[in-house]
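Me: I'm new to this structure and would like a close look at just one part of it, the surroundings of the ligand. Could you walk me through it?

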Amino acid sequence: MRKILIAGNWKMNKNSAEASELAAEIAQTLGRQHEVDVVICPPFTALESAARAIENSGVKLGAQNMHPERSGAYTGEASAEMLRHLFATYVILGHGERREYFKESDEFINQKVLAALNSRLKPSLCVGETLEERESGKAFEVVERQVKAGLANVPADLADLVIIAYEPVWAIGTGKTATPDQAQEMHQFIRGHLPALLGEAQAQRTRILYGGSMKPANARELLRQDDIDGGLIGGASLEGRTFLQIVEAAAEVSR
Ligand code: PGA
């Protein structure tokens with residue numbers, strides 16, 4: 001009932017020419033397939049060239065961050081409206097790397113979520129515990145706080161745009177994946193909090209993606225879990241072949 005979503009988070013990789021090439025490879029292979037929702041998230045500087053490359057396909061475009069204000073004196077930032085103007089329809093918010101290296105707080109991330117919704121961008125709110133938090137038995141507490149704070153005050157009529165990504169920090173770019181059981185346990189826990197935040201009916205419709213070393217070899221098993229509705233792929237999205245293999249695995253799981 002929830003359509004699988006596979007999103008590629010290219011992080012700070014690919015200049016505009018390289019992005020155009022990778023985006024074109026993905027778009028040409030997938031064409032207008034509609035079994036799986038597929039999104040690519042290049043850096044800001046490559047949004048325009050990637051948008052052109054996927055123009056006649058079903059592949060959608062997302063950004064990796066944005067500022068909550070519409071415009072103003074925020075050197076180095078980009079607003080939701082600017083992203084929309086480049087045909088982005090998704091935006092990754094609160095990624096673990098932004099929380100860690102750029103000290104983004106839950107409150108600031110919440111402002112971004114609300115601003116994205118206001119501009120009708122689909123925010124993908126990232127949550128996840130560090131290794132230390134998991135080992136000290138705090139994983140659930142931390143993720144609960146991030147989900148509640150990140151989704152505070154989401155207007156009921158925009159709740160269907162919200163996407164959540166569970167990305168345990170210890171699994172991001174490390175080659176260590178959460179086991180399907182570990183991931184499912186957390187996804188189910190997150191879904192349990194959604195009725196209060198997004199409404200009872202919406203809680204069952206909201207997609208919760210898994211991220212953290214997802215690759216062709218483990219995608220099927222993860223995506224088969226009841227509450228895992230897609231993947232946010234970093235490393236394995238930088239090559240057309242591996243990203244497309246994950247999309248194929250997702251299509252198989254959804255048949
Ligand atoms: P990874 O990154 O697939 O390289 O672990 C996932 C992410 O950070 O979104």
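To start us off: how far is an oxygen atom of the ligand from an N or O atom in the side chain of glutamate 167?

Reply: Happy to, and keep in mind that this is a predicted model. The distance you're asking about is 2.7 Å, between an N or O atom in the side chain of glutamate 167 and an oxygen atom of the ligand. Glycine 173 also has a contact at 2.7 Å from a ligand oxygen, but here the atom is a backbone N or O. Then there's asparagine 9, where a polar side-chain atom sits 3.3 Å from an oxygen atom of the ligand. As for how well the ligand is covered, on its own it has 290 Å² of accessible area, and the protein covers 96% of that.

Now step back to the whole shell. There are 13 residues around the ligand, and the ones that come nearest are Lys11, His95, Glu167, Gly173 and Ser213. So two of the residues we've just met, Glu167 and Gly173, are in that nearest group, with glycine counting as polar in the sorting by class. Sorted that way, the shell has seven polar residues, four nonpolar ones and two charged ones. That's the picture around the ligand: a shell of 13 residues, with polar contacts from the side chains of asparagine 9 and glutamate 167, plus one from the backbone of glycine 173.

Definitions and conventions:
Residues numbered from 1 in each chain as written. Predicted model: local features only at pLDDT ≥ 70, side-chain atom pairs only at ≥ 80, totals over all residues. Heavy atoms only, no water. Near = heavy atom within 4 Å. Polar contact = N/O pair within 3.5 Å; in protein donor to acceptor, adjacent residues only side chain to side chain. Areas by Shrake-Rupley, 256 points an atom, 1.4 Å probe, with all protein chains shown as cover.
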